[in-house]
Structures are given as structure tokens and as C-alpha cells.
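Today I opened a new page in my notebook. I wanted to look up the salt bridges and how exposed their partners are.

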Amino acid sequence: MFDDFLSPEDRDVAQTSISASDKLRFDNSRITAEGTHMPLVTSAPTSPSPSTPAPASVHFAAGQRIRSIRFGDFDIQTWYDAPFPEEYMSLPDGKLWICEFCLKYMKSAFNASRHKLKCKMRHPPGDEIYRDGSIAIFEVDGRKNKIYCQNLCLLSKMFLDHKSLFYDVEPFLFYVITDVDDTGARFVGYFSKEKRCPKDYNLSCIMTLPVRQRQGWGVLLIDFSYLLSKKERRAGTPEKPLSALGALGYKSYWTLSLMRYLRTAPDNPRLEGIVYYDHMGP
């Protein structure tokens with residue numbers, strides 16, 4: 001086709017295929033560049049061990065692809081494997097880098113630093129429906145913000161054993177709780193619920209980052225799910241069965257709610273009164 005324009009040497013394509021040695025040279029060059037231009041920051045805080053214990057039943061699999069994530073200023077050890085794309089099966093040190101604002105996942109510190117310079121998101125997509133001081137909750141529609149919600153589900157899978165929803169996010173609403181500072185609204189946790197649920201479930205899945213656990217964020221998310229049920233004027237209940245950590249959170253919340261009701265209840269409290277007060281379903 002190009003015989004009249006190119007010499008035989010220019011038409012030769014034998015050297016255009018990528019060989020194993022080419023891949024090795026590229027990987028070595030990338031590692032060298034990352035170490036020279038973007039050294040890892042060793043002074044940044046890591047996950048405080050008292051607030052990030054894995055459940056006692058967790059056994060880390062030998063073939064687990066992602067063993068830790070870099071999320072904001074924290075290195076967080078993952079508890080379970082998540083179905084990330086095939087290209088993330090062999091990370092250099094088993095660490096995945098995730099943007100704390102848009103939840104985009106990356107394979108290296110160099111890619112993460114470049115993304116940080118370009119990322120314009122400073123809060124979850126969707127509508128801010130609650131604000132109290134530095135606490136903000138955003139309602140994110142799985143149909144309108146599909147990529148963000150899929151990334152959110154993949155993130156939660158690394159800390160939830162029975163999480164099965166990853167890509168079919170359109171039928172769900174996601175309520176993302178954040179801690180707002182001068183930089184933006186930093187992700188803390190979330191819960192999801194079906195838009196149209198015939199069983200009156202007010203919560204399908206709940207997750208708080210391990211570095212934010214034992215600080216009351218999970219109880220606040222549960223309380224907010226019941227406030228939504230109260231606004232909808234119906235009793236709500238979480239989807240069953242509950243995970244081990246979910247059961248602990250709900251037992252704590254139900255105990256607090258019961259004590260709060262009994263403090264102002266009549267002399268002979270009835271179960272119907274508790275349901276009406278907190279909009280709790282069976």
C-alpha cells in the first residue's frame with residue numbers, strides 16, 4: 001500500500017510488537033520514575049490500630065489481590081477481596097490507591113498524585129440533604145451517578161463479607177455521610193436503599209470506613225435511615241440478614257432508641273408506641 005512512498009526499511013513492522021523485554025524495561029522505568037519524582041510519604045498517618053480491627057471470623061486469603069488501600073491520609077488493611085477489573089490482579093505491593101472524593105481507584109502513587117492534581121470533585125455527586133456543622137449527608141442516585149456508585153460498592157466489598165451488589169446500582173439510592181473541612185467533604189461511610197421496595201426495607205447495605213468506626217458514624221447513619229422512614233410515614237426495617245458488624249451497630253442503636261423512648265413514655269408503654277415513636281418495623 002505504501003510501496004511508492006516508504007522504503008523497505010520504513011515499511012518493516014517486525015519491531016513494532018511489544019515483547020516481554022519491552023514490558024520489563026517499561027516496568028523498571030516506571031518504578032524508577034515513581035521513586036525519583038514521587039517518593040512515598042512516610043510521615044502520613046496510618047490507620048489507628050484500635051479503630052480498625054478486622055472481625056474475628058475474617059481469614060485473609062493467600063490469593064487476595066488487594067491487601068491494603070490508600071484512602072486520603074490513611075493506609076487501611078482490607079478484609080475481603082473485591083471483583084476489581086483483571087488488570088488490578090497483580091499490584092506491585094498489593095496496595096490500591098483510591099481518591100477520597102470521586103472514589104476512582106488507581107494502581108500506583110504516581111497515578112494517584114497526577115489524579116489529585118486534576119480531580120475537581122470535592123464532595124459526592126448528588127444533593128446535599130443534611131448538614132449539621134461539619135457533618136453532611138448526600139443523596140446519590142445510582143442511575144444518575146453510575147460510575148461513582150459502582151466504585152462505592154467495590155470499596156465497601158473490601159470490608160463486607162456478604163456484599164453482592166457491584167454494578168447493578170440503578171435501582172438504589174446511596175446516602176453518603178461526609179466530614180467537611182476546608183478541603184472538601186471527606187468520605188466517611190454510606191448506606192443504600194432500594195427506590196421501590198415491596199417489603200418496606202429502609203436500608204439495604206451499610207458501611208463505615210474502618211478508620212471511622214467506633215466514633216458513632218454508623219449509629220448516625222442508622223438513625224438517618226429511620227428519619228427517612230418517618231418522612232415517608234411508614235415503618236422501616238433493615239434488609240435481613242444483617243452482617244456481624246451490622247448487627248452490632250443495630251443492637252447499639254435499638255438500645256439507645258428504646259432508652260430514649262422509655263424516658264418520656266407513659267406508665268404502661270406499648271409496643272405500638274415504640275413503633276410510632278421511632279418508625280421501626282419488625
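Here are my entries, starting with the ground rules.

**Ground rules.** I am working with a predicted model, where local features need pLDDT of at least 70, side-chain atom pairs count only at pLDDT 80 or more, and totals for chains, interfaces and linings use all residues. Residues are numbered from 1 along each chain as its sequence is written, and side-chain values use heavy atoms, with hydrogens and water left out.

**Entry 1, the count.** I looked for salt bridges (a side-chain nitrogen of Lys or Arg within 4 Å of a carboxyl oxygen of Asp or Glu). The structure has twelve of them.

**Entry 2, E128 and R131.** These two side chains form a salt bridge, at 2.7 Å from N to O. I then checked accessibility, where buried means under 20% relative accessible area, exposed over 50%, and partly exposed in between (1.4 Å probe, protein chains only). E128 is partly exposed at 39%, and R131 is partly exposed at 46%.

**Entry 3, D179 and R212.** In this salt bridge the closest N and O atoms are 3.5 Å apart. The pair links distant parts of the chain, 33 residues apart: D179 lies in strand β7 (residues 172-180), and R212 in the loop between β10 (205-208) and α5 (217-231). Helices (H or I, at least four residues) and strands (E, at least two) are DSSP runs, numbered from the N terminus. R212 is buried, at 16% relative accessible area.

**Entry 4, R234 and E232.** Their closest N and O atoms are 3.0 Å apart in a salt bridge. Which residues are joined into one network by salt bridges that share partners? I found K193, D200, E232 and R234. R234 is partly exposed at 28%, and E232 is partly exposed at 38%.
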